[in-house]
Amino acid sequence: MTEVQPDTANLQAMKMGMPSVIMSTTIDQAHSPHYAVGYMFNRIQPRLAMVTHTTYDEELIPEITAGIRVHYSGLFQFGAPDVVVVNVTKDAIWTRKAAIPDAGNMARPSPAEAVELFGLTPTNLKVTFPNPRNPLADQLESEILNGDIDPKRYYPPDVYREPKKDYPRDYTIDVREIALVKAKKAQAKLSEKAAQIQAVIDAIEGSK
């Protein structure tokens with residue numbers, strides 16, 4: 001059993017509102033991408049391979065499974081949503097879900113929550129992320145850092161990306177830029193809809 005994180009930062013950014021660069025460095029610093037997990041399972045060949053410590057989002061489950069199956073084809077199950085019960089004997093393994101209240105996964109903050117969380121005001125529309133106090137190399141022994149599996153061994157070539165273990169410095173989000181992009185997209189949709197309606201009107205009037 002191991003923790004896993006889907007290396008789908010762009011999809012998660014759209015879903016949860018977290019910048020993809022923050023999501024990616026979180027994975028690269030302290031978690032195992034789903035490709036790496038499949039690679040490790042294939043090397044270990046356990047009786048049952050399980051992953052946990054991940055949100056059980058139906059949209060991401062197929063991505064995680066597909067990434068693991070790039071390398072591993074044995075018996076596999078998610079140890080999620082919390083809490084999965086696993087029984088192991090010398091002759092058999094079986095699992096089942098525990099009876100618990102509905103679990104909640106991560107969700108993007110509401111506009112009101114974001115305003116309070118980041119201290120946004122009409123005159124302060126930039127979100128500034130704090131710089132890390134210490135790089136990862138100062139927090140872990142070199143033999144641990146050097147023990148990482150080469151990512152090129154587990155990433156399929158067409159989705160390979162260079163891991164970034166240190167959070168970006170001086171990273172900011174300009175809410176005005178985001179709002180402007182969304183407003184322009186909405187304007188384009190309205191313009192397209194207006195053109196379609198006008199075409200219907202023209203067709204009706206032309207048929208008189």
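Contact here means heavy atoms within 4.5 Å. With that in hand, the packing in this predicted model can be walked through from the sheet outwards.

The sheet is an open one, with three strands in the order S1-S2-S3 and parallel pairing. Strand S1 (2-3) and strand S3 (76-78) sit at the edges, each pairing on one side only. Between S1 and strand S2 (residues 49-52), which run parallel, there are two bridges. Thr2 has Val51 in S2 as its bridge partner.

Two helices lie across this sheet. Helix H3 (residues 34-44) spans S1, S2 and S3, and runs at about 150° to S2. Helix H4 (residues 61-69) covers S2 and S3, running at about 150° to S3.

What holds a place in the largest nonpolar core? Eleven residues do: Val4, Val37, Phe41, Ala49, Val51, Ile61, Ile64, Ile68, Tyr72, Phe76 and Phe78. H3, S2, H4 and S3 are the elements that give two or more residues to this core, and H4 gives the most, with three. One of the core residues, Ile68, makes a good example of how the pieces meet. Setting aside neighbours within four places in sequence, Ile68 is in contact with His34, Val37, Gly38, Phe41, Val51 and Phe76. A second core, separate from this one, has five residues, among them Ala36, Tyr39, Tyr154 and Tyr155.

H3 itself deserves a closer look. Its buried residues are His34, Tyr35, Ala36, Val37, Gly38, Tyr39 and Phe41. Val37 and Phe41 belong to the largest core, whereas Ala36 and Tyr39 belong to the second. As for what lies over the buried residues of H3, the cover includes S1, S2, H4, S3 and helix H7 (151-154). Just past the end of H3, Gln45 takes a positive phi of about 55°.

Then there is Leu75, in the loop between H4 and S3. Is this leucine, Leu75, buried or exposed? Leu75 counts as exposed because its relative accessibility is 52%, and the cut-off for exposed is over 50%. Even so, Leu75 has partners from elsewhere in the sequence: not counting residues up to four places away, Leu75 touches Arg47, Leu48 and Ala49. Leu48 and Leu75 are 27 residues apart in sequence, yet their C-alpha atoms are 5.3 Å apart in space. Of these partners, Ala49 is also listed in the largest nonpolar core.

Terms used:
Residues are numbered from 1 along each chain as its sequence is written. This is a predicted model: local features need pLDDT of at least 70, side-chain atom pairs count only at pLDDT 80 or more; totals for chains, interfaces and linings use all residues. Side-chain values use heavy atoms; hydrogens and water are left out. Two strands pair if DSSP finds at least two bridges between them. Helices (H or I, at least four residues) and strands (E, at least two) are DSSP runs, numbered from the N terminus. Axes are lines fitted to C-alpha atoms, for helices over the stretch in contact, and angles run from 0 to 180 degrees between N-to-C directions. A nonpolar core is a set of buried Ala, Val, Leu, Ile, Met, Phe, Trp, Tyr and Cys residues joined through side-chain atoms within 4.5 Å. Buried means under 20% relative accessible area, exposed over 50%, partly exposed in between (1.4 Å probe, protein chains only).
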